[in-house]
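Reader: I have some questions about how the terms are applied here. Please set each value against its definition.

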Amino acid sequence: MTAPTNGAPPAPIPVAVLGATGAVGQTFIRLLVDHPWFVLTEVAASERSAGRPYAEAARWIGGDMPPAVAELDVLPCDATAVRAPIVFSALDASVAGEAEQTFARDGRLVLTNARNHRMDDDVPLVIPEVNGDHLALLDTQQARRAWHGGIVANGNCAAIVVALALAPLHRAFTLRRLFVTTLQAVSGAGYPGVPSLDILGNVIPYIGGGEEEKIEQEVRKMLGTREGAAVRAAAFGVSAQVNRVPVEHGHTACMAVEFERSPSPADAVAALREWRSPIADLALPSAPASPIVVLEADERPPQPRRDADRGRGMTVTVGRVRPDPLLDLRLVACGHNTVRGAAGASVLNAELLVALGRVRAQPPAGA
Ligand code: NAP
């Protein structure tokens, strides 16, 4: 990998958002409108939206639509129409796989939220504070696929919250088994998402699209070890059960964990508090001062309404660290699903790639 340059690009880099009209696409727009390193120049979505001004095409979900974006014409998700060198993808999984490959083949760096390429063995699945070294897989990907660009994925919204909360504990005590039950916000289902009459006053213990399998596989990949140009998934077992709950934003994960070296709750809290983000010195614009905040067991439990926005949505809050009668420990983690679990995760990945000197300011001419 190229050595870190530890700094901002000489000029803001043009970026585009694919799937810009959806729930995650809108979060990208919020995070990118005043970004110090990137300038949002293009938005793209389906044929239903293409050719219309963004203000008409998008059903804006909260607050005011940024005026600079309202005026942009929505483009088709086509590499000849969208020209930015960095492309953030919030595309529906039904189309993301092929579209993202087209952009990567054309020399663009694609930062994706979609599930399609996450488990490809040459695609880095990255949380910068946990496994930024997995970005070395980009070299394998570019060599194997003869691409000038590439695809970097972030995990499923619940898998990111779980993996970030557990990373310091896995490093210190080595996970052996994990049972996790999630309580996932409705914004995780996109817009318009779950019908209100299905979810108000209700809990739905099912989320389609292989949500449980995604958590079980992706957490192990993100906490895996890079061996040369490949990543070996962590060897612990994971059993996930997911629930959709009537919460607007913020996924909560209730976990029971067994370790190779059994820690006391105090040991675990100390390991979480003493852990230092390996990217803290890079001063990336979207990196929160504290990626993990631990609440004392007797303080109060983590909860989405109070904790999802912590660190501008980029901090995961951990609490209720206590003994488990069957395994070693129980704990709860809560994080913002469309920020740390989606758009914010991609933007932070892009910032790390810029700091590592891996981003071209323009796509290759004629590519
Ligand atoms: P969403 O609200 O349903 O938005 C989907 C976007 O994809 C829209 O912009 C839509 O454009 C576009 N799209 C649909 N069909 C298309 C086509 N045939 N060609 C081009 N664009 C098309 O979904 P979302 O929640 O934002 O999720 C976006 C992606 O992120 C999904 O892959 C999802 O699994 C993933 N993700 C979501 C979350 C979350 O918390 N919501 C978290 C992590 C990952 P139109 O408006 O023009 O139809």
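Author: In this predicted model, the shell around the ligand is made up of 13 nonpolar, 12 polar and three charged residues.

Reader: What makes a residue in that shell charged?

Author: Asp, Glu, Lys and Arg count as charged, and three shell residues fall in that class.

Reader: Which residues come nearest to the ligand?

Author: Thr-21, Ser-46, Arg-48, Ser-49 and Leu-91 do, out of the 28 residues around the ligand. Among the elements that each supply at least two shell residues are α1 (23-32) and α12 (339-355).

Reader: Why is the pair between Arg-48 and the ligand called a polar contact?

Author: A polar side-chain atom of Arg-48 lies 2.6 Å from an oxygen atom of the ligand. The cut-off for a pair of N or O atoms is 3.5 Å, so the pair counts. The protein covers 82% of the 900 Å² of accessible area that the ligand has on its own.

Reader: What makes the backbone pairs of Ala-23 and Val-24 with the ligand count as well?

Author: A backbone N or O atom of Ala-23 is 3.0 Å from a ligand oxygen atom, and a polar backbone atom of Val-24 is 2.8 Å from a ligand oxygen atom. Both values are within 3.5 Å, so both pairs are polar contacts.

Reader: How do you know that the radius of gyration of the protein chain agrees with a compact globule?

Author: For 367 residues the globule rule gives a value near 21 Å, and the protein chain has 20 Å, so the two agree.

Reader: What share of the residues counts as buried?

Author: Of the 367 residues, 56% do; the term requires under 20% relative accessible area.

Technical notes:
Residues are numbered from 1 along each chain as its sequence is written. This is a predicted model: local features need pLDDT of at least 70, side-chain atom pairs count only at pLDDT 80 or more; totals for chains, interfaces and linings use all residues. Side-chain values use heavy atoms; hydrogens and water are left out. A residue is near a molecule or strand if one of its heavy atoms lies within 4 Å of it. A polar contact is a pair of N or O atoms within 3.5 Å; within protein, one must be able to donate a hydrogen and the other to accept it, and residues adjacent in sequence count only if both atoms are side-chain atoms. Accessible areas come from the Shrake-Rupley method with a 1.4 Å probe; for residues, only the protein chains shown count as cover. Helices (H or I, at least four residues) and strands (E, at least two) are DSSP runs, numbered from the N terminus. The radius of gyration is taken over C-alpha atoms; the globule rule is 2.2 Å times the number of residues to the power 0.38. Buried means under 20% relative accessible area, exposed over 50%, partly exposed in between (1.4 Å probe, protein chains only).
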